[in-house]
Amino acid sequence: MTKNISVIIGSLRRGSYARKIAHQVITYFPDGYEAQIVEIRDLPLYDFDYDDPDVTDKPTPKEYTRFRETLKASEGVLFVTAENNRTIPACLKNAIDIGSKPNSDVAWKNLPAGIISHSVGRMGGYSSQKNLRLALSYFDMPTPGQPEAFLGQSPSLIGEGGLITSEKTVEFLQNYVHRFTELVHTHPRG
Ligand SMILES: Cc1cc2nc3c(=O)[nH]c(=O)nc-3n(C[C@H](O)[C@H](O)[C@H](O)COP(=O)(O)O)c2cc1C
C-alpha cells in the first residue's frame, strides 16, 4: 500500500527557498511513497477555545480538522523550514500547536519526522531545527539521527530554474530521504 508523506513548509513567502527545496526533495521519494505538500497558510491562529469542550460557541475550524485528518492519514511527515529570529517561523509553530490537540487524539503521535532546515546564512537554520525538535519532543516522533540536514547559504545552492545544482547537496538530500523512508518503514504507526 502507498505510504503517504505530508511535507510541511516553514515559510509562507512566494519565492521561498524552503518551498523550492521541498519540491525537489519530494522527487527523491521511491516508488510506493506519495509525498505531498500540506499547506499551512490558511490555518487559523491556534486558540484552545476551539478544542475546549467547555467553550460551546467556538466550533473547531474546518481547517484544523482537515489538517489533523491529513496528518493522521500519513505514515510520515517531512518538515522543510526556514529560520526566523533563531526559531521556527510562526506559521510552522501554529501548525504544530494545531496538530498537538486534543490530548486524546494527537495527530503527531508516533509519526516519523524528517527535518530539513535552511537559511540564507551559513548556519543552515541550526536554531530553527533544534527548536523544531524541541517542540516535537513531546509526541514520540521517531526522527533520523545523523547526519542532520542543515542547508546553509540557500540562495547560492539554488540555481536559475529553482533547482539545487550542487551534486554533493543533491546526493546528501537523496541519502537523507532514503534514511527517512527506512525510518518510516521500520516505524509503522500502530
Ligand atoms: C522575520 C525574519 C526573521 C529572520 N530571522 C533569521 C534567523 O534567525 N536566522 C537566519 O538564518 N535567517 C533569518 N532570516 C532570513 C531568512 O532565513 C530568509 O528570509 C529566508 O529566505 C527565509 O526562508 P524562505 O526563503 O524559505 O522563505 C529572517 C527573515 C525574516 C523575514
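## Position and exposure of N103

Between which helix and which strand does the loop that holds N103 lie? In this predicted model, the loop runs between α3, residues 90-99, and β4, residues 113-118.

N103 has 7 C-beta neighbours inside 10 Å and therefore counts as exposed, the limit for that class being 12 or fewer. N103 and R86 are 17 residues apart along the chain, and 28 Å separates their C-alpha atoms.

## The sheet

The model contains an open sheet of five strands, arranged in the order β2-β1-β3-β4-β5 with parallel pairing. At the edges are β2, residues 33-37, and β5, residues 149-151, each of which pairs on one side only. From one strand to the next, the twist averages 20°. In general terms, the strands of a sheet pair through backbone hydrogen bonds, in either a parallel or an antiparallel manner.

Strands β1 (residues 3-10) and β3 (residues 76-81) run parallel and are joined by six bridges. Within this pairing, G10 has T81 of β3 as its bridge partner.

## The nonpolar core

The largest nonpolar core comprises 41 residues, and the members that touch the most others are I21 and V80. When neighbours within four places in sequence are set aside, the contacts of V80 are V7, I9, G10, A18, I21, A22, V25 and I116. The list thus includes I21, which shares with V80 the leading place in the core. As a general tendency, nonpolar side chains in soluble globular proteins are buried together.

## I26 in helix α1

Helix α1 spans residues 17-26 and includes I26. This residue counts as partly exposed because 18 C-beta neighbours lie inside 10 Å, whereas a buried residue needs 20 or more.

Not counting residues up to four places away in sequence, I26 touches V7 and A35. V7 is also among the contacts of V80. I26 and V177 are 151 residues apart along the chain, yet their C-alpha atoms are separated by 8.7 Å.

## The ligand surroundings

The ligand is surrounded by 13 residues, of which S11, S16, A18, A82 and S119 are the closest. A18 also appears in the contact list of V80.

By character, the shell around the ligand divides into six polar, four nonpolar and three charged residues.

Conventions: Residues numbered from 1 in each chain as written. Predicted model: local features only at pLDDT ≥ 70, side-chain atom pairs only at ≥ 80, totals over all residues. Near = placed C-beta within 6 Å. Nonpolar A, V, L, I, M, F, W, Y, C, P; charged D, E, K, R; others polar. Helix = DSSP H or I, 4+ residues; strand = E, 2+ residues; numbered from the N terminus. Core = buried A, V, L, I, M, F, W, Y, C linked by C-beta atoms within 7 Å. Contact = placed C-beta atoms within 7 Å. Pairing = 2+ DSSP bridges. Axes fitted to C-alpha atoms, helices over the stretch in contact; angles between N-to-C directions.
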